[in-house]
Amino acid sequence: MLDKIKEIREAMEQELREAASGDQLRELKVKYLGKKGSISELSKGMGKLQPEERPKAGQLLNELRLKLEESLSAKQQELAEKALELKMAQEKLDVTLPGSPVKLGSRHPLTVVTDEMKEIFLGMGYTIEEGPQVELDYYNFERLNLPADHPARDMQDSFYIDAKRLLRSQTSPVQARTMDRLCPQPIKIISPGAVYRRDDDATHSPMFHQMEGLVVDEGISLADLKGTLLNFVRQMFGEEREIRLRPSFFPFTEPSVEVDISCMLCGGKGCRTCKDTGWIEILGAGMVHPHVLEMSGYDPEKFTGFAFGMGVERIAMLKYGIDDLRVMFENDVRFLQRF
Ligand SMILES: [Zn+2]
């Protein structure tokens, strides 16, 4: 029995020294301390010993068990420390290595231009109004004096959701909503946002952006409109720009005008961009139609107003010399990085 204990003890110490992983330690624990382990087997053999031998053998067995438990936990700690050291060595940071470059995005040209346009009008005392993109037919057409047989109301030209609702085809419905809300107070607003039409070619996109402007007060005249637009155009395209107003027709303004600016490329001499005219059309405007004022409750005898609407894409294309509208929405990083 005593020889057997000595033998097991030596074998065990040898195996412990050689153990190199947590798994091997667990195996050793089972091998010696488990229910069917060597030490347990020896304990079972105690009964066969002579009574005078039992205390000595029992003591040795206990010592062996304690020794093994101590050694196992010491070895376990040693292995854990080694693992940590290895990990530290592997994950060591070299702070002198060059960093990986951080790619910064840039603002989309439409965002840049929209923000610039907003800033110019905010500087003239305008406030910003927004409206729903899913709009009632009533606000999109009827309240803007568009008769039922107007071509813009054709299902072929607008994205209808049901008989009464559509994706707004212009930002002008915000005018009617604002007049309803503020009447009879004076109004001075711009309304930028996305609009939708069934078009898709080099100069049209099914979704594009407009900025609408509306001023309603006592004594507003066409001269105020012209002064406002001239101020805007010069801040946007340069101090030397001129504008000219040509008679036009829109259902919600009377009189209506198309506004041209002197070509920023040739300075008015004539070039490809301005089709040799020296002028480029940039927006539509006019004095708010008395009936449109009336529908919101403004007395057209007392109040007058002007409205203008322009395409943000068109302004951006002119400002940056872009000739295909579609590149604005293709999200080609090579194009977007230019801004
Ligand atoms: Zn030109």
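Here is a walk through the aromatic contacts in this predicted model.

Let's start with how to look at such contacts. Two numbers describe a pair of aromatic rings: the distance of the centres and the angle of the planes. Going by ring centres within 6.5 Å, the count here comes to seven aromatic pairs.

Take F121 and F232 to begin with. Their ring centres are 5.0 Å apart and their planes sit at 20°, so this pair is stacked, given that planes under 30 degrees apart count that way. In sequence terms the partners are distant: F121 belongs to helix α5 (residues 109–123), F232 belongs to helix α8 (residues 222–237), and 111 residues separate them. How accessible are they? F121 has 0% relative accessibility, so it counts as buried. F232 is buried too, because its relative accessibility is also 0%.

Now stay with F121 and look at F308. These two make another stacked aromatic pair, with 5.2 Å centre to centre and 25° between the planes. Again the contact links distant parts of the chain, this time helix α5 with strand β9 (residues 303–311), where F308 sits, 187 residues from F121. Both F121 and F308 are buried.

Which residues make up the aromatic cluster that F121 belongs to? Along with F121, that one cluster holds Y126, F232, F306 and F308. If you have the model open, F121 is a handy place to centre the view, since it pairs with F232 and with F308.

One last contact involves a ring and a charge. The charged end of R177 sits over the ring of Y139, at 4.2 Å from the ring centre.

Conventions:
Residues are numbered from 1 along each chain as its sequence is written. This is a predicted model: local features need pLDDT of at least 70, side-chain atom pairs count only at pLDDT 80 or more; totals for chains, interfaces and linings use all residues. Side-chain values use heavy atoms; hydrogens and water are left out. Rings of Phe, Tyr and Trp (its six-membered ring) pair if their centres lie within 6.5 Å; planes under 30 degrees apart count as stacked, over 60 as edge-to-face and the rest as tilted. Helices (H or I, at least four residues) and strands (E, at least two) are DSSP runs, numbered from the N terminus. Buried means under 20% relative accessible area, exposed over 50%, partly exposed in between (1.4 Å probe, protein chains only). A charge sits over a ring if NZ of Lys or CZ of Arg is within 6 Å of the ring centre and within 35 degrees of the ring normal.
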